[in-house]
Amino acid sequence: MPPTFLLPLAAAFLLLHLHFPFARSQSYIGVNYGQVADNLPPPSATAKLLQSTAVQKIRLYGADPAIIRALANTGIGIVIGAANGDIPALAADPNSAGQWVNSNVLPFYPASNIVLVTVGNEVLLSGDQNLISQLLPAMQNVQNALNSASLGGKVKVSTVHSMSILGRSDPPSSGSFDPSHLDAMKALLQFQRAVGSPIAVNPYPFFAYQSDPRPETLAFCLFQPNAGRVDSGSGIKYMNMFDAQVDAVRSALNGIGFKDIDIMVAETGWPYKGDPNEVGPSVENARAYNGNLIAHLRSMAGTPLMPGKSVDTYLFALYDEDLKPGPLSERSFGLFKPDLSMTYDVGLSKTSSTSQPSPPSSSEKTPSSGGGSPAAGQERWCVPKAGASDAQLQASLDYVCGQQGIDCGPLQPGGACFEPNTLASHAAYAMNLYFQRSDKRPWNCDFSQTAALSSKNPSYNGCNYPGGGT
């Protein structure tokens, strides 16, 4: 994974619905399976692991036959890849493409549900003009080989792009392709339109936060309560960086006449640890990003420019890759450990994914405003910390009351909790309501470190604060 980034984007609002039915097909949730490691579990064990999760698709960077074979008859969609080094031969000789398909697709399909072949990874970023010029012919030859095997339309062909293909991305409505890549992109997109394949991109809010490490940027990147960012071009208020980055690609496509091309997120993720000089890696942040992203995808809210539909998204990554060079974060994206245990829980397990996986928090250790943490089994409530600013309280109030399944009716005029009509009082009721409806997990009472747990019931007069033990 290269150092892909977008500068903080001014951005557009669609509510995150954090209460979702698990029964709905979740074909839009995938995971990347990188293999730059010497401690990976056997493919058969990985196949069983995936079947215990809500993951419906897996992306390989190559075409490892053992993994493809292990996934046979699981129904899991498989993306396989032809490496950049394969492109010259694939472009030069249709027979080479035929041999590639004969070796990497035909022996396994349809028992192994291969759905997409990616030819090359971030080729335009390479700056190698020869390779760039060979990319489209290679894709065409692979597609023709699939057609010859009667797999045209069943197994599609695409390529994966870095977000640096965009020359402009801020605000999202101004998204446009880098002029130096424009001719190549248009030719690729014409081909992809003809075969019905998606443009695949790698948005990483993690890198956007590294370029602007402010608390409000972190909340925006982690799908946590924040004031939002207004797109000066469209007037849309964006509430998270992921939507802003994806919509910048949508704007770039629309701007050159490719409104009908779907977008696929080939990679996105957040590292759970890093070197001491790295900003952003932590278990808490990784859990928040991936958990909230999954919840956002499950909500089917879509993005402001693509409402009501979740973009196919492949999380990075299934396991750590301990042989990768670079900073520690590059080797610390794994959702699972080699022993198949979870690195941290983001609600992917079929046994846990109906519960709320998305902590609006940057820390699991939440102090109690009552002086000490409430003991297990004791009733507790979530209340604002003294000193929380009006802007922070308003952002939290707006966030909570925008959630599907959250009833802020008591805060309306005439409601039981309308009086006193103060921001602090209304935010306190909303924060507690969110905490109680979100499995009462400590990290669901953080709100960017502006709230804390209390053992004192804040109910008053006829305004009853929901409460409960743990």
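# Exercises on a predicted model

In this predicted model, a disulfide joins Cys-401 to Cys-408, with an S to S distance of 2.0 Å.

## Exercise 1. Handedness and exposure of one bridge

Task: Find the hand of the link between Cys-401 and Cys-408, and decide whether each partner is buried or exposed.

Solution.
- Step 1. Check the bond. The sulfurs of Cys-401 and Cys-408 lie 2.0 Å apart, and the cut-off for a disulfide is 2.5 Å.
- Step 2. Read the torsion. About the S-S bond of Cys-401 and Cys-408 it is about -90°, so this disulfide is left-handed.
- Step 3. Take Cys-401. Its relative accessible area is 30%, and it is partly exposed.
- Step 4. Take Cys-408. Its relative accessibility is 9%, and it counts as buried. The limit for buried is under 20%.

## Exercise 2. The other bridges and the pairing

Task: State how many disulfides the structure holds, and give the pairing of the bonded cysteines in sequence order.

Solution.
- Step 1. Count. The structure holds three disulfides. A disulfide is a covalent bond between the sulfur atoms of two cysteines.
- Step 2. Take Cys-382 and Cys-445. They are joined with S to S at 2.1 Å. The torsion about their S-S bond is 90°, and the link is right-handed.
- Step 3. Place this pair. Cys-382 sits in strand E15 (residues 381–384), and Cys-445 in the loop between helix H13 (423–437) and strand E16 (451–454), so the bridge ties together parts that are 63 residues apart in sequence. Both Cys-382 and Cys-445 are buried.
- Step 4. Take Cys-417 and Cys-463. Their S to S distance is 1.9 Å. With 100° about the S-S bond, this link is right-handed.
- Step 5. Place this pair too. Cys-417 lies in the loop between helix H12 (390–401) and H13, and Cys-463 in the segment after E16, so the bridge ties together parts that are 46 residues apart in sequence. Both Cys-417 and Cys-463 are buried.
- Step 6. Number the bonded cysteines of the protein chain in sequence order. The pairing reads 1-5, 2-3, 4-6.

## Exercise 3. Anatomy of helix H6

Task: Compare the span of H6 with the expected value, then find where H6 bends and what its buried residues pack against.

Solution.
- Step 1. Measure out the helix. H6 (residues 129–148) has 20 residues. From first C-alpha to last it reaches 30 Å, close to the 28 Å expected at 1.5 Å a residue.
- Step 2. Look for a bend. H6 bends by about 30° at Leu-135. A proline, Pro-137, follows within four residues.
- Step 3. List the buried side. Buried residues of H6 include Leu-131, Ile-132, Leu-135, Leu-136 and Met-139. Among them are also the polar-named entries Asn-141 and Gln-143.
- Step 4. Find the partners. The buried residues of H6 pack against helices H3 (87–92), H4 (94–104), H5 (123–126) and H7 (182–195), and against strands E4 (114–121) and E5 (156–162).
- Step 5. Inspect the ends. At the start of H6, a side-chain oxygen of Asp-128 comes within 3.1 Å of the backbone nitrogen of Asn-130. After H6 comes Ser-150, with a positive phi near 60°.

## Exercise 4. Two polar side chains

Task: Determine what the side chains of Asn-292 and Lys-309 reach, and whether each residue is buried or exposed.

Solution.
- Step 1. Locate Asn-292. Its place is in helix H11 (residues 283–298). Asn-292 is buried, at 1% relative accessible area.
- Step 2. Find its partner. The Asn-292 side chain reaches the backbone oxygen of Leu-222 at 2.8 Å.
- Step 3. Locate Lys-309. It lies in the loop between strand E13 (306–307) and strand E14 (312–315). Lys-309 is partly exposed, at 47% relative accessible area.
- Step 4. List its contacts. Leaving aside neighbours within four places in sequence, Lys-309 touches Asp-262, Met-300, Ala-301 and Gly-302. With the side chain of Asp-262, the Lys-309 side chain makes a polar contact at 3.4 Å.
- Step 5. Add a distance. Lys-309 and Leu-297 are twelve residues apart in sequence and 8.4 Å apart in space, C-alpha to C-alpha.

## Exercise 5. Where to read with care

Task: Give the mean pLDDT of the protein chain, and name stretches where pLDDT is under 50.

Solution.
- Step 1. Take the chain. Its mean pLDDT is 87, and 88% of its residues reach 70 or more.
- Step 2. Take residues 1–24. Their pLDDT is below 50, and the stretch has 106 contacts in the model beyond near neighbours in sequence.
- Step 3. Take residues 352–376. Here pLDDT stays under 50, with 86 contacts beyond four places in sequence.
- Step 4. Conclude. Where pLDDT is low, the predicted coordinates should not be read in detail.

Terms used
Residues numbered from 1 in each chain as written. Predicted model: local features only at pLDDT ≥ 70, side-chain atom pairs only at ≥ 80, totals over all residues. Heavy atoms only, no water. Helix = DSSP H or I, 4+ residues; strand = E, 2+ residues; numbered from the N terminus. Buried < 20%, exposed > 50% of the residue type's maximum accessible area, 1.4 Å probe, protein only. Polar contact = N/O pair within 3.5 Å; in protein donor to acceptor, adjacent residues only side chain to side chain. pLDDT = per-residue confidence, 0-100. Contact = heavy atoms within 4.5 Å. Expected span 1.5 Å × (residues − 1). Bend = angle between axes of the 7 residues up to and from the residue.
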